[in-house]
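Dear colleague,

I am passing on the structure we spoke about, and below it you will find my notes on what turned up in it. Please read them with the coordinates open.

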Amino acid sequence: MKNISAGLKTAIAEGTTTLARLFEIITPSGNLYRFTDHDEDIFVNLVNPNPPAIQHQWYASTGVSVSSIVTSSTNSQSSTQVRVVYTAGFIEELACIRGEFDGASMRVVFVDWSDLTLGNGILFEGILGSFQN
């Protein structure tokens with residue numbers, strides 16, 4: 001894990017089970033996708049989670065699932081493989097086949113949905129190579 005806020009670290013140490021993952025993808029053409037694996041939409045600003053900061057909407061999707069985040073490193077580069085099941089309404093299969101997400105930036109973080117002011121933990125930040133189905 002790259003980074004985790006102190007408040008969230010404390011909540012996890014106390015055994016919190018109210019965690020949700022947030023996914024943000026920005027395609028090379030500038031399209032922005034924000035969604036969560038939580039069962040309800042989440043409204044939070046990851047830079048400043050405390051109101052009255054502008055809150056961003058992360059759309060709930062029951063079809064979102066991360067099966068693994070695996071990182072490996074060599075002397076020259078590091079590689080991370082993220083497997084995400086896409087769902088209609090967020091990421092369409094045809095857009096993936098056309099390569100619209102190739103080279104997109106992606107960020108995956110987690111939050112405590114019961115207390116969003118605790119901050120977040122970064123699970124992954126990087127550039128997507130290519131989508132495969």
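A residue counts as exposed when its relative accessible area is over 50%, and as buried when that area is under 20%. By that cut-off Val-47, with a relative accessible area of 79%, is exposed. Please keep in mind throughout that this is a predicted model. Val-47 lies in the loop between β4 and β5, and its C-alpha is 9.2 Å from that of Asn-120, although the two residues are 73 apart in sequence. Ser-61, by contrast, has a relative accessible area of 7% and is therefore buried, even though it too is found in a loop, the one between β5 (56-60) and β6 (65-73). The C-alpha atoms of Ser-61 and His-38 are 7.2 Å apart, with a sequence separation of 23 residues.

Overall fold

The chain has 133 residues, of which 33% are buried, and it contains two helices and nine strands. Read from the N terminus, the elements follow the order β-α-β-β-β-β-β-β-α-β-β. Of the contacts in the chain with a separation of 6 or more, 53% are between residues 24 or more positions apart.

Seven strands make up an open sheet with mixed pairing, in the order β1-β9-β8-β2-β3-β5-β4. Its edges are formed by β1 (3-4) and β4 (42-44), each of which pairs on one side only. Helix α1 (residues 6-13) lies across β1, β2 (19-26), β8 (105-112) and β9 (120-127), and runs at about 55 degrees to β8.

Strand pairings

Taking the pairings in turn, β8 and β9 are antiparallel and are joined over seven bridges, with Val-108 having Phe-124 in β9 as its bridge partner. On the β2 side, β8 is again paired in the antiparallel sense, over eight bridges; here Leu-19 stands opposite Asp-112, and Ile-25 stands opposite Met-106. Six of the eight residues of β8 are buried, so this strand is largely enclosed by the rest of the structure.

β2 and β3 also run antiparallel, joined by five bridges, and Glu-24 stands opposite Arg-34 in β3. These two strands form a hairpin with five residues between them, and Gly-30 in the turn has a positive phi of about 100 degrees. On to the next neighbour in the sheet, the pairing of β3 (residues 32-36) with β5 is parallel and spans two bridges, with Ala-60 of β5 as the bridge partner of Thr-36.

Aromatic and charged side chains

How many aromatic pairs does a search of the whole structure find? The search finds two. Phe-23 and Phe-35 form a stacked pair, at 5.3 Å centre to centre and with 15 degrees between the planes. Since Phe-23 lies in strand β2 and Phe-35 in strand β3, the pair ties together parts that are twelve residues apart in sequence, and both of these phenylalanines are buried. The other pair, Tyr-33 and Phe-101, is tilted, at 5.2 Å centre to centre and with 50 degrees between the planes. Tyr-33 lies in strand β3 and Phe-101 in the loop between α2 (93-97) and β8, so this pair ties together parts that are 68 residues apart in sequence. Phe-101 has a relative accessible area of 1% and is therefore buried. In addition, Arg-34, the residue opposite Glu-24, lies over the face of Trp-58, at 5.2 Å from the ring centre.

Nonpolar cores

In soluble globular proteins, nonpolar side chains tend to be buried together. In this model the largest nonpolar core has twelve residues in all, among them Phe-23, Phe-35 and Phe-101, which also appear in the aromatic pairs above. Ile-25 and Met-106 belong to this core, and they stand opposite each other in β2 and β8; Val-108 and Phe-124 belong to it as well, and they are bridge partners across β8 and β9. At least two residues of this core come from each of β2, α2 and β8. A second, separate core has ten residues, including Leu-22, Val-44, Val-111 and Leu-116.

With best wishes

Terms used: Residues are numbered from 1 along each chain as its sequence is written. This is a predicted model: local features need pLDDT of at least 70, side-chain atom pairs count only at pLDDT 80 or more; totals for chains, interfaces and linings use all residues. Side-chain values use heavy atoms; hydrogens and water are left out. Helices (H or I, at least four residues) and strands (E, at least two) are DSSP runs, numbered from the N terminus. Buried means under 20% relative accessible area, exposed over 50%, partly exposed in between (1.4 Å probe, protein chains only). Two strands pair if DSSP finds at least two bridges between them. Contact means heavy atoms within 4.5 Å. Axes are lines fitted to C-alpha atoms, for helices over the stretch in contact, and angles run from 0 to 180 degrees between N-to-C directions. Rings of Phe, Tyr and Trp (its six-membered ring) pair if their centres lie within 6.5 Å; planes under 30 degrees apart count as stacked, over 60 as edge-to-face and the rest as tilted. A charge sits over a ring if NZ of Lys or CZ of Arg is within 6 Å of the ring centre and within 35 degrees of the ring normal. A nonpolar core is a set of buried Ala, Val, Leu, Ile, Met, Phe, Trp, Tyr and Cys residues joined through side-chain atoms within 4.5 Å.
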